[in-house]
Amino acid sequence: MVNVDEAIIAKYEYCGEHFEILVDPDLAAEFRNPDGQDVAIEDLLAVEEIFKDSKKGDKASEEAMLKIFETTDPIEVSKVILEKGHVQLTAEQKRQMQEDKRRLVINKISREAINPQSGLPHPAQRIENAVNEAKVKFDPFVSVDQQVQTALKAIKPLIPIRFEKVKVAVRLPGSSAGGAYSAIHHFGEILNEEWQQDGSWIGIVEMSGGLQDDFAAKMAEISSGEAETKTIK
């Protein structure tokens, strides 16, 4: 539980009623982040109290809470305030959260998109340059998946790009195949597989187009350079 002196205010107004809570700035930001980890309300509250004016120490009335939230439970009320209200984040927090979300969006696009002219992934730096040129704005409170679509639409006039699944054939020596399963499933879905007479394993893996190079590198690492991979057109 954060010290009251270090807490920030989260507020919510509805039907003429005003409610405030005191929260840990970092945990509140994490709670509001749709791509973040789950945060327990109890952990981010400085005090389990609902205020009408926290600076004056004026508590919200039970009548007002029942009217708006249909409960006087401070945990349940706090959850609504955080989900629907306004959190007074610091300028540095907002800047850092925007940068974090920007990086997540760029990484997701570089992993899942390809250049349709070559069938190959775009380097992350090329995606980042296009995002910068298009002046894409990132919202720390909007999910990565939503902002990927916004960014993709903005950069399409600048670089040839689209999301596409590809099929990659891979051959692994028998000594490496068993340990490779979990790594392969991290990249995509095994569509077909069979063991060869020489003991090697062959599989067809469907994955996001942008993962082809990383997949080939991982298979080479697992097999000490003996793996063979080929994208099936």
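## A pocket, two helices and selected residues

The largest pocket in this predicted model is lined by Asp26, Ala29, Glu30, Asn33, Gln93, Gln96, Met97, Asp100, Lys101, Leu104 and Pro140. The space inside this pocket amounts to about 190 Å³. Rolling a probe the size of a water molecule over the atoms is what shows where empty space is left.

Which helices each supply at least two residues of this lining? They are α1, which spans residues 25-32, and α5, which spans residues 91-112. Helix α5 provides the largest share, with six residues. Sorted by class, the lining holds four nonpolar, three polar and four charged residues.

### Helix α1

Helix α1 contributes to the pocket lining, and it also has buried residues, namely Pro25, Ala28 and Ala29. Seen down the axis of α1, these residues fall within an arc of 100 degrees, so they line one face of the helix. Ala29 is thus both a buried residue of α1 and one of the residues that line the largest pocket.

What covers the buried residues of α1? The covering elements include the strands β1, β2 and β5, together with the helices α2, α4 and α5. At the start of α1, a side-chain oxygen of Asp24 comes to within 2.8 Å of the backbone nitrogen of Asp26. Asp26 is itself among the residues of the pocket lining.

### Helix α4

Helix α4 comprises residues 74-84, and its buried residues are Ile75, Val77, Ser78, Ile81 and Leu82. These residues lie on the same side of α4, because they cover an arc of only 160 degrees around the axis. The elements that cover them include the strands β1 (8-14), β2 (17-23) and β5 (86-87), as well as the helices α1, α2 (41-44) and α3 (62-69). Helices α1 and α4 therefore appear in each other's surroundings: α4 is among the elements that cover the buried residues of α1, and α1 is among those that cover the buried residues of α4, whose buried positions share one side of the helix.

The N-terminal end of α4 is capped by Asp73, a side-chain oxygen of which lies 2.9 Å from the backbone nitrogen of Ile75. Ile75 is also one of the buried residues of this helix.

### Two loop residues with positive phi

Glu70 is located in the loop between α3 and α4. Although Glu70 is not a glycine, its phi is positive, at about 60 degrees. Lys135 is located in the loop between α6 (124-134) and α7 (144-155). Lys135 likewise is not a glycine, and its positive phi is about 55 degrees.

Are these residues buried or exposed? A residue counts as exposed when its relative accessible area is over 50%. Glu70 has a relative accessibility of 70%, so it is exposed, and Lys135, at 64%, is exposed as well.

### Residues and their contacts

The table lists the relative accessibility of four further residues. Values under 20% count as buried, and values between this limit and 50% as partly exposed.

| Residue | Relative accessibility | Class |
|---|---|---|
| Ser110 | 13% | buried |
| Gly209 | 0% | buried |
| Asn115 | 11% | buried |
| Thr229 | 33% | partly exposed |

The contacts described below leave aside residues up to four places away in sequence.

Ser110 belongs to helix α5. It touches His122, Ala124, Ile127 and Gly210.

Gly209 lies in the loop between β11 (201-208) and α9 (212-222). Its contacts are Arg111, Glu112, Ala113, Ile114, Pro121, Glu164, Lys165 and Val166. Gly209 and Pro116 are 93 residues apart in sequence, and their C-alpha atoms are 9.8 Å apart in space.

Asn115 is part of strand β6, which consists of residues 113-115. A polar atom of the Asn115 side chain lies 2.9 Å from the backbone nitrogen of Gln117. Asn115 also touches Leu120, His122 and Pro160. His122 is thus in contact with Asn115 and with Ser110.

Thr229 is found in strand β12, residues 228-232. How far apart are the C-alpha atoms of Thr229 and Val170? They are separated by 4.4 Å, while the two residues are 59 residues apart along the chain. Val170 is one of the contacts of Thr229, along with Val168, Ala169, Phe215, Ala216 and Met219.

Methods
Residues numbered from 1 in each chain as written. Predicted model: local features only at pLDDT ≥ 70, side-chain atom pairs only at ≥ 80, totals over all residues. Heavy atoms only, no water. 1 Å grid on protein atoms, 1.4 Å probe; cavity = no way out; pocket = protein on both sides within 12 Å on 5 of 7 lines; lining within 4 Å. Points joined across faces, edges and corners; volume = space filled by probe spheres on them. Helix = DSSP H or I, 4+ residues; strand = E, 2+ residues; numbered from the N terminus. Nonpolar A, V, L, I, M, F, W, Y, C, P; charged D, E, K, R; others polar. Buried < 20%, exposed > 50% of the residue type's maximum accessible area, 1.4 Å probe, protein only. Arc of directions from axis to C-beta. Contact = heavy atoms within 4.5 Å. Polar contact = N/O pair within 3.5 Å; in protein donor to acceptor, adjacent residues only side chain to side chain.
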